[in-house]
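Dear colleague,

I am handing over the structure we spoke about, and below it you will find an account of what was found in it. Please read the account with the coordinates open beside you.

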Amino acid sequence: MTNTAANYLNEQLARRAPRAENTSTPAPPPESLVVHYHEIALKGNNRIHFEKRLQRNILRATSPLGVYAMVRLYGRLLCKLTPSANVGAICSELKKIFGIAYFAPAYKLEQDIGAITALALKLLAQQNFNTFKVETKRSQKHFPLTSPQ
């Protein structure tokens, strides 16, 4: 019987040392932020105009804080960060920009469940929680595990 990715992560968390004794290296800062927007996706033929306006507004507010480039993806924007970016300040600015539904840190990893688990453990080591949920969408169909796994 094979373990699902969530079960594997649960097992790794259960084996981990208690937080007070955890001497693992801290999680790296995110390489980018994924920004999801809402209303502007409904504008029809003017969609590209609104996406570019949102992109300009984000760059104007965040480029002094460490956003050096933006990539437009379908339904979202990817803000690329410098290594010295002030992520907290960037997040504060993004909260003020009209049209953003939510944003999240993004990390580029190899397609390996071990690498994904290792980063997830580093990120979770900094958090206090009783339960958690892992939800996946497998956009890369060449990844060996399916979304439910």
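Of the 149 residues in the chain, 27% count as buried. Please keep in mind throughout that this is a predicted model. The chain holds four helices and four strands, and, followed along the sequence, these are arranged in the pattern α-β-α-β-β-α-β-α.

Salt bridges

A search of the whole structure turns up three salt bridges, and I take them in the order of the sequence. In one of them Arg 47 pairs with Glu 51, with 2.9 Å between the closest N and O atoms. These two residues are four apart in helix H2, so that about one helical turn separates Arg 47 from Glu 51. Both Arg 47 and Glu 51 are buried, and for Glu 51 the relative accessible area is 7%, which lies under the 20% cut-off for a buried residue.

Glu 51 also forms a salt bridge with Arg 72, where the closest N and O atoms are 3.5 Å apart. Because Glu 51 belongs to helix H2 and Arg 72 to strand S2 (residues 67–73), this pair ties together parts of the chain that are 21 residues apart in sequence. Arg 72, in contrast to its buried partner, counts as partly exposed, at 34% relative accessibility, whereas Glu 51 is buried.

The remaining pair is made by the side chains of Glu 93 and Lys 96, which meet in a salt bridge at 3.3 Å, N to O. Both residues lie in helix H3, three residues apart, which is about one turn of the helix. Glu 93 is partly exposed, with a relative accessible area of 24%, while Lys 96, at 62% relative accessibility, counts as exposed. As for the bridges described before this one, those that share partners join Arg 47, Glu 51 and Arg 72 into one network.

The two sides of helix H3

Which residues of helix H3 are buried, and which are exposed on its other side? Within this helix, which spans residues 87–96, Ile 90, Cys 91 and Leu 94 are buried. They cover an arc of only 100° around the axis, and therefore they sit on the same side of H3. On the other side of H3, Lys 95 and Lys 96 are exposed.

A positive patch on the surface

Lys 52, Arg 53, Arg 56 and Arg 60 gather on the surface in a patch of positive charge. One of these residues, Arg 56, lies in helix H2, which covers residues 47–62. Arg 56 is partly exposed, its relative accessible area being 41%, and this value is over the 30% that a residue needs in order to be counted in such a patch.

Pairs that are apart in sequence

Two further pairs may be worth locating in the coordinates. Pro 26 lies in the loop between helix H1 (5–15) and strand S1 (32–37), and this proline is exposed, with a relative accessible area of 64%. Pro 26 and Leu 121 are 95 residues apart in sequence, and their C-alpha atoms are 9.9 Å apart in space.

For the other pair, Val 67 is found in strand S2, where, at 3% relative accessibility, Val 67 counts as buried. Val 67 and Val 87 are 20 residues apart in sequence, with 9.2 Å between them in space, C-alpha to C-alpha.

With best wishes

Notes. Residues numbered from 1 in each chain as written. Predicted model: local features only at pLDDT ≥ 70, side-chain atom pairs only at ≥ 80, totals over all residues. Heavy atoms only, no water. Patch = residues over 30% accessible without salt bridge, like charges linked within 9 Å, V, L, I, M, F, W, Y side chains within 5 Å. Areas by Shrake-Rupley, 256 points an atom, 1.4 Å probe, with all protein chains shown as cover. Salt bridge = Lys/Arg side-chain N within 4 Å of Asp/Glu carboxyl O. Lys, Arg positive; Asp, Glu negative; His and termini not counted. Charge placed at Lys NZ, Arg CZ, Asp CG, Glu CD. Buried < 20%, exposed > 50% of the residue type's maximum accessible area, 1.4 Å probe, protein only. Arc of directions from axis to C-beta.
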